[in-house]
Amino acid sequence: MATGATLAATRERAAAKARAPFVTLAGLRGVAARVLPPLVVLAGFLLLWEVLCSSPTAGLPPPSRVVAEAWDIIVDPFYDNGGTDKGLFWHIAASLKRVALGFSLAVVAGVLLGTLVGQSEWAMRGLDPIFQVLRTIPPLAWLPLSLAAFRDGQPSAIFVIFITSIWPIIINTAVGIRNIPQDYRNVAAVIRLNPIEFFYKIMLPSAAPYIFTGLRIGVGLSWLAIVAAEMLIGGVGIGFFIWDAWNSSHISEIIVALVYVGLIGFVLDRLVAGVGVLVTRGTSAS
């Protein structure tokens, strides 16, 4: 009898769920509450920009003129006329390739060094002061040294990305390792985990929220560093595109490129944050 009542209740809930509308008023209000404020602010900003820069003596072009003057690179980002005369897609792709290489190296080295500093008191006392000094050096200050060492722009740019993004990864990883609960360490000692097992089964899962915080900071710094470095090393890249547009007095193209830079930076941050949420099962801030 109880089973029959349970089945009837289950069917009734399923039928009610099927009758429920796919889009609800509350859902639409929630979407509007998230989407409308930034759209209103953006529209107000563009309107103010248009009004302030409409004068012929204005130093910057208004949005309407930016779109008109840069229309070719907006609608056709894939053109390739050889050399550095390429569309924005190819410049951004070249920059992202450098960022991927430099940031990947920084992730591996940063997590390992951060684990060492967080786990060893001796390593923390010996290395932490050095890291604190080196991390304050501006990214572009490393560029002449890397050019002298590598004698080529490509590895020099990758090194600048690496040395810029590694510090927040080291620091946040070390903090995460130091904050591992003592109970976890005790359990690892009881079941006699070897150092490698302790690293993969205890350290990384426990410190993952801190590590991904460092990764988000690091990937943002990587994108900032490569744009600045490419302005100096030349070649194909979004930084070079911006500098070349400045030398050619194409201010509208610079503005369009800056929009792309901001959007790509936002996407990179969201990607790392999304991976962090998946890996840490929601304990990493998104």
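**Exercise 1. Determine how far apart along helix 3 the salt-bridged residues Glu69 and Arg65 are, and state how accessible each residue is.**

Solution.
Step 1. In this predicted model, Glu69 and Arg65 both belong to helix 3, which spans residues 63–69.
Step 2. Because the two residues are four apart in that helix, about one helical turn separates them.
Step 3. Their side chains meet in a salt bridge, with an N to O distance of 3.1 Å.
Step 4. A residue is partly exposed when its relative accessible area lies between the 20% limit for buried and the 50% limit for exposed. Glu69, at 47% relative accessibility, is therefore partly exposed. Arg65, with a relative accessible area of 40%, is likewise partly exposed.

**Exercise 2. Identify the helices that are joined by the salt bridge between Glu230 and Arg98, and decide whether each partner is buried or exposed.**

Solution.
Step 1. The side chains of Glu230 and Arg98 meet at 2.5 Å, N to O, in a salt bridge.
Step 2. Glu230 lies in helix 10 (residues 195–233) and Arg98 in helix 5 (residues 88–119), so this pair ties together parts of the chain that are 132 residues apart in sequence.
Step 3. Buried requires a relative accessible area under 20%. Glu230 has a relative accessibility of 0%, so Glu230 counts as buried. Arg98 has a relative accessibility of 8% and therefore counts as buried.

**Exercise 3. State how many salt bridges the structure contains, and describe the network that includes Asp269.**

Solution.
Step 1. The count comes to six salt bridges.
Step 2. One of them joins the side chains of Asp269 and Arg270, at 3.3 Å from N to O.
Step 3. Arg216, Asp269 and Arg270 are linked in a network of salt bridges.
Step 4. Within this network, Arg270 is partly exposed, because its relative accessible area is 35%.

**Exercise 4. Classify the aromatic pair Phe89 and Trp90 and the aromatic pair Phe150 and Phe159 by geometry.**

Solution.
Step 1. A pair of aromatic rings is described by the distance of the centres and the angle of the planes.
Step 2. The structure holds six aromatic pairs. One of them is formed by Phe89 and Trp90, with 4.8 Å centre to centre and 85° between the planes. Planes over 60 degrees apart count as edge-to-face, and the Phe89 and Trp90 pair is accordingly edge-to-face.
Step 3. Phe150 and Phe159 form an aromatic pair with 5.9 Å centre to centre and 55° between the planes, which is classified as tilted.
Step 4. Accessibility completes the description. Phe89 is partly exposed at 37%, and Trp90 is partly exposed at 34%. Phe150 is partly exposed at 41%, and Phe159 is partly exposed at 23%.
Step 5. Phe89 and Trp90 also form one aromatic cluster together with Phe78.

**Exercise 5. Locate Ser146, establish whether Ser146 is buried or exposed, and list its contacts beyond four places in sequence.**

Solution.
Step 1. Ser146 is found in helix 7, residues 143–150.
Step 2. Its relative accessibility is 2%, so Ser146 counts as buried.
Step 3. When neighbours within four places in sequence are left aside, Ser146 is in contact with Arg151, Ser156, Phe159 and Val160.

**Exercise 6. Name the members of the nonpolar surface patch that includes Val35, and place Val35 in the chain.**

Solution.
Step 1. Val31, Val35, Leu36, Leu39 and Val40 make a nonpolar surface patch of about 430 Å².
Step 2. Val35 is in helix 2, which covers residues 25–52.
Step 3. A patch member needs over 30% relative accessible area; Val35 has a relative accessibility of 40% and counts as partly exposed.

**Exercise 7. Summarise the chain as a whole, and compare the annotated spans 156–177 and 223–243 in helix content.**

Solution.
Step 1. The chain has twelve helices and zero strands.
Step 2. Of its 286 residues, 35% are buried. The accessible surface comes to about 17100 Å², and carbon and sulfur atoms account for 70% of it.
Step 3. Among contacts with a separation of 6 or more, 66% are between residues 24 or more positions apart.
Step 4. An unreviewed UniProt entry carries the annotation "transmembrane region" for residues 99–118, 156–177, 223–243 and 255–279.
Step 5. Residues 156–177 are 100% helix, with the end C-alpha atoms 31 Å apart. Residues 223–243 are 81% helix and 0% strand, with the end C-alpha atoms 16 Å apart.

How values were computed: Residues numbered from 1 in each chain as written. Predicted model: local features only at pLDDT ≥ 70, side-chain atom pairs only at ≥ 80, totals over all residues. Heavy atoms only, no water. Patch = residues over 30% accessible without salt bridge, like charges linked within 9 Å, V, L, I, M, F, W, Y side chains within 5 Å. Areas by Shrake-Rupley, 256 points an atom, 1.4 Å probe, with all protein chains shown as cover. Salt bridge = Lys/Arg side-chain N within 4 Å of Asp/Glu carboxyl O. Buried < 20%, exposed > 50% of the residue type's maximum accessible area, 1.4 Å probe, protein only. Phe/Tyr/Trp six-rings, centres within 6.5 Å; stacked < 30°, edge-to-face > 60°. Contact = heavy atoms within 4.5 Å. UniProt positions renumbered as here; feature names shortened; annotations may be inferred.
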